[in-house]
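Trainee: Could we go through this model together, so that I learn how each label is justified?
Mentor: Gladly; ask about one label at a time, and we shall set each value against its rule.

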Amino acid sequence: MRKGLYIGILGLLAVLVSIGGVALFYRDYQSQLAQNVLLEKKLKEAQETSKEAIVTRRVSAQLEEIAYQQKDISDQQRQEALHQKQIADEMRMHAEYEQKKALEAQQVAIEAYSEMEAQKRLADQHREEAVAAQMKADTLARLALVRSLSSEALSQYEAGNGELAALLCYSAWKFTVENHGDIYQPTLFNALSALSDQYDYKDLHNGPIRSMCLVDSMLVTASQEGEVALWRVRTDEVELDTVICQDTWFDLRHIRVDRAGNGWAAAYDGHLLKIDLRKKRVSKIYETGLVAPMGLVASDRSLWLMTRRGQLFRSALDEIRFEEIYVHDQEVLTFTDSAEGLLLGDRTGAVYTIGREGQATCLLSGSGQGVTCLNGERPGQLFVGHKNGLIKQVDLKTHHTRNLVSHVSSLTGMVLFGEHLLSSSLDGSVRLWRLDGERITSSEVYSSSNWIHTLAFWNSGLMVIVGDEKGRCARFSISPEQMANEIKRHLSRNLTREEWQYYIGELAEYEAYR
């Protein structure tokens, strides 16, 4: 039994071994089949790769052959390019050489052109200088002719040949304007003044006109016979408006107008008249007791009065009550207002400025000749008129003094306008001074046989108004243009061609004025 068991076990084991062997064989078989499939696949891939390699080799061989061909072409092109570069370099060098030659030629041309332009400018400059010199010579000749014509005009006028004198004078004026000459040149101005005959006289006052005051276009005059008159001033005339006062009791010496439009007239005996210019009447009379007034100033709501004895008084305008604020130690001959303050001039020739509270400062030391007139309208400058007729122009900063000599008697009035000074004197003359030159010149613009006591100037019409010893109020213009127009207005004929040739010649073409 045990033996049969063993045999059964062994048989089982043999079966198991057989089964295991079959299983192993089958596994190896399957593995071999898989390897065969893999090998076949690889073989096909190898065959495909071989085919591609063959194609690739053929393509590579073709590409190599094309590359060699391209290389040959490139070598040929490089050789051609080198050859073309060599040609281009030669052409460039030639172009640079030609450009250099062109630039040099251009520079030479520019220099030649510049030289030509310089020569042209020099020629133009010389031509312009020659033309300017000729014009200057012609201008100087014409201006010299102006003086000659002006002198001849005065000579013909004094000889009684008024018509020819007017024609020559107007010609002189016209040449002066056309050649930009000095219209206030003394010879010309004297001729214009003499021949224009534009003086106007008003014989209203019975006594000497001692003072006048010009406010806007209204003129107030006062005389020693107690007369106060109001005038309207126009471009070509002074016309009487109203006689405000006629009282011989009052010897009036000074008249001023305050900012409110009231007139103040100081009499020699100490009376003070307040004049309402709007109502044209004397509104009040004060007995101040301040005799021999030498000047009256109305300003800053105050009234200032200086006496010959050197006493300076001040009063409020709204209530006349004078108080003494300063006493000068010399006799005072003139007193006025100015840009420097209140001014006085005394008999020793000294000039002082007086502060509003009475402090005095000497501006000019005494020269021995009394000061009769002062003008300090221009800041930093002072014009001093003396008893002997001398006028001093004083620079208050440098103390430089210029003397203006022509009057022979006491100065009574001085007025500034522009670079000119008007002056009046007891010698009966009014002079116009030109101040802007190295040498001061003057012209006599008015002459009278009577003393001139007072002077006013209306700048709007360049009109001068004077009052004299006989009570005459004279008006005249100092505008050269206006005087020339007045002369032309009265011309009755033209210069004949013979007269033109004789007096003027070839310096100007013949011209008719009418």
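Trainee: What is the phi of His180, and where does His180 lie relative to H2?
Mentor: In this predicted model, His180 comes just after H2 and takes a positive phi of about 55 degrees. Most residues other than glycine have a negative phi, so a positive value is worth noting.

Trainee: How do you know whether H2 itself is mostly covered or mostly uncovered?
Mentor: A residue is called buried when its relative accessible area is under 20%, and 13 of the 17 residues of H2 are buried, so by that cut-off H2 is mostly covered. The helix runs over residues 162-178 and reaches 24 Å from its first C-alpha to its last, close to the 24 Å expected at 1.5 Å a residue.

Trainee: Which other residues have a positive phi, and are they buried or exposed?
Mentor: Ala292, in the loop between strand S9 and S10, has a phi near 55 degrees, and His399, in the loop between strand S20 and strand S21, has a phi near 65 degrees. Ala292 has 8% relative accessibility, which is under the 20% cut-off, and therefore counts as buried. His399, at 56%, lies over the 50% cut-off and therefore counts as exposed.

Trainee: Why is Ile285 called partly exposed?
Mentor: Ile285, which is found in strand S9, has a relative accessible area of 43%; because that value is neither under 20% nor over 50%, Ile285 is partly exposed. The C-alpha atoms of Ile285 and Ala105 are separated by 101 Å, and these residues are 180 apart along the chain.

Trainee: What makes Leu5 eligible for the nonpolar surface patch?
Mentor: A patch residue needs over 30% relative accessible area and no salt bridge, and Leu5 has 51%, so Leu5 passes the area cut-off and also counts as exposed, because that label needs over 50%. Leu5 belongs to helix H1, residues 2-158. The patch, of about 680 Å², is made by Leu5, Ile9, Leu10, Leu12, Leu13, Leu16 and Ile19.

Trainee: Which residues lie nearest the centre of the largest pocket?
Mentor: Of the 48 residues that line the largest pocket, Arg256, Phe335, Thr336, Cys373 and Thr412 lie nearest its centre. The volume of this pocket is about 1,600 Å³. Strands that each supply at least two residues of the lining include S2, S6, S10 and S14.

Trainee: Is Cys373 buried or exposed, and how do you know?
Mentor: Cys373, in strand S18, has a relative accessible area of 7%, and because this is under 20%, Cys373 is buried. From Cys373 to Asp427 there are 54 residues in sequence and 14 Å in space, C-alpha to C-alpha.

Trainee: What makes a space a cavity rather than a pocket, and how many cavities of 30 Å³ or more are there?
Mentor: In a cavity the probe fits but cannot get out, whereas a pocket is open; by this rule the count is 1 cavity of 30 Å³ or more. The largest cavity holds about 30 Å³ of space, and its lining includes Tyr184, Pro186, His420 and Trp433. Strand S24 and strand S25 are the elements that give two or more residues to that lining.

Terms used: Residues numbered from 1 in each chain as written. Predicted model: local features only at pLDDT ≥ 70, side-chain atom pairs only at ≥ 80, totals over all residues. Heavy atoms only, no water. Helix = DSSP H or I, 4+ residues; strand = E, 2+ residues; numbered from the N terminus. Expected span 1.5 Å × (residues − 1). Buried < 20%, exposed > 50% of the residue type's maximum accessible area, 1.4 Å probe, protein only. Patch = residues over 30% accessible without salt bridge, like charges linked within 9 Å, V, L, I, M, F, W, Y side chains within 5 Å. Areas by Shrake-Rupley, 256 points an atom, 1.4 Å probe, with all protein chains shown as cover. Salt bridge = Lys/Arg side-chain N within 4 Å of Asp/Glu carboxyl O. 1 Å grid on protein atoms, 1.4 Å probe; cavity = no way out; pocket = protein on both sides within 12 Å on 5 of 7 lines; lining within 4 Å. Points joined across faces, edges and corners; volume = space filled by probe spheres on them.
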